[in-house]
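Grab a pencil and let's work through some exercises on aromatic rings. Each one has a task, then a solution in steps.

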Amino acid sequence: MENPLKNMPDVAVVGGGLCGRLVAWMLAGAGHSVALYERGDAAGTQSAAWVAAAMLAPLAEAASAELLITELGAASLERWPALLTELPEPVFFQRNGTLVVWHAGDRAEAPLFERRLRANAPAALFDNGFVKLSGAQVAAAEPALGTRFPQGWLLPNEGQLDNRQVLKALAGGLAERRVETHWNTAVATDSEIRARLVIDCRGLGAKPAWPELRGIRGEVARVHAPGIGLTRPVRLLHPRYPLYIAPKQDDHYVIGATEVEGEDMSPMSVRSALELLSAAFAVHPGFGEARILELNSQCRPTLPDHRPAIVWDGARSLRVNGLYRHGFMIAPEVADTARALAEALLDGAIATPDSFDDWRSHTRWPALLRCEHAATVL
């Protein structure tokens, strides 16, 4: 009798956004045969990652994220440089820190922001990672801002990427590692796929199978602003719309702030555009002459606790989802944890819920992992 596993890939990854590409690429690099199915194109234009600012800022994000997220972010930030060197195409990567500033009328936001950071971030991130600036020190840290801000904080260890270059380089990396890619291919159910193990990384596309998922809308502007010359991401504290401005290559900037509950994929509103661009102009008047390249919106998949999750169904499926607004910041650690679990399932180290629990207890990120059902094993 012919072996039913013959000519069947070890793993099929469904969903080719940032996390799906990383998981597929890592598993292929570990020697597994992998197929990837993505309803959108190879560029990733339908993914949440396409619209992201790709800031790697675990300390700054601690203003609204819990300790687990900031720890994942700190660990992932250390992984990104080595990961990028393995990709076949260059990717803009900068580790020049984050500058946090505020206008005089919003100075009450500063101590609140600092308290949140100290409550939610690992203490180690503050070691040479949180520098208070005043007067000429702000201008010295970011000369483009001159003397507009009398105070600020420099978070010197943080970084950023070019999100679209990462997606493109990962597509090239998948081809290089001979992943069987199926772009522009929608998959409704796991039963449509032949593979020893199926990993669902569809983001909000997985909602029919994961009703807890919901979308959090984000909106960003991309502009071309020659002559401003910011050297690092700048965050503006504000009670209504805390703004970030992330400088990319060739005088391009990603500007964002808004976060709206709801799965609304419609174009950006006039109000949001005015708030974003007015706030950017208030940071540097040179943005008044910038050229608007794009006004984009997208919904990021999140779970009720705002934590990412990797769920084994007890049989042949994993689900990886819920990276929320922290995709690029935490994706390397989340994807590598999914890779490790997939390999443990494929080699038989995990075959029952009990063996899953034992394996989980020895991982670095047990809070990400759970077994949902006891069913037929691989």
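**Exercise 1.** Find the ring that the charged end of arginine 118 sits over.

*Solution.* Keep in mind that this is a predicted model. Start at the charged end of arginine 118 and look for the ring beneath: that's phenylalanine 130, with its centre 5.3 Å away. The cut-off for a charge over a ring is within 6 Å of the ring centre, so the distance part of the test is met. Next, try arginine 177: this one lies over the face of tryptophan 25, at 3.9 Å from the ring centre.

**Exercise 2.** Work out how tryptophan 102 and tryptophan 153 are arranged as an aromatic pair.

*Solution.* There are six aromatic pairs in the count. For this one, the centres of tryptophan 102 and tryptophan 153 are 4.8 Å apart, and the planes make an angle of 55°. Stacked needs under 30 degrees and edge-to-face over 60, so this pair is tilted. Now place the partners: tryptophan 102 is in strand E5 and tryptophan 153 in strand E7, 51 residues apart. Both are buried. Finally, zoom out: ring pairs join these two with Phe113, Phe126 and Phe130 in a cluster.

**Exercise 3.** Why does the pair of tyrosine 253 and phenylalanine 287 tie together parts that are apart in sequence?

*Solution.* First the geometry: the pair is edge-to-face, with 5.2 Å between centres and 85° between planes. Then the location: tyrosine 253 lies in strand E14, while phenylalanine 287 is in the loop between helix H7 and strand E15, so the pair ties together parts 34 residues apart in sequence. Last, check the surroundings: tyrosine 253 and phenylalanine 287 are both buried.

Key:
Residues numbered from 1 in each chain as written. Predicted model: local features only at pLDDT ≥ 70, side-chain atom pairs only at ≥ 80, totals over all residues. Heavy atoms only, no water. Phe/Tyr/Trp six-rings, centres within 6.5 Å; stacked < 30°, edge-to-face > 60°. Helix = DSSP H or I, 4+ residues; strand = E, 2+ residues; numbered from the N terminus. Buried < 20%, exposed > 50% of the residue type's maximum accessible area, 1.4 Å probe, protein only. Lys NZ or Arg CZ within 6 Å of the ring centre and 35° of its normal.
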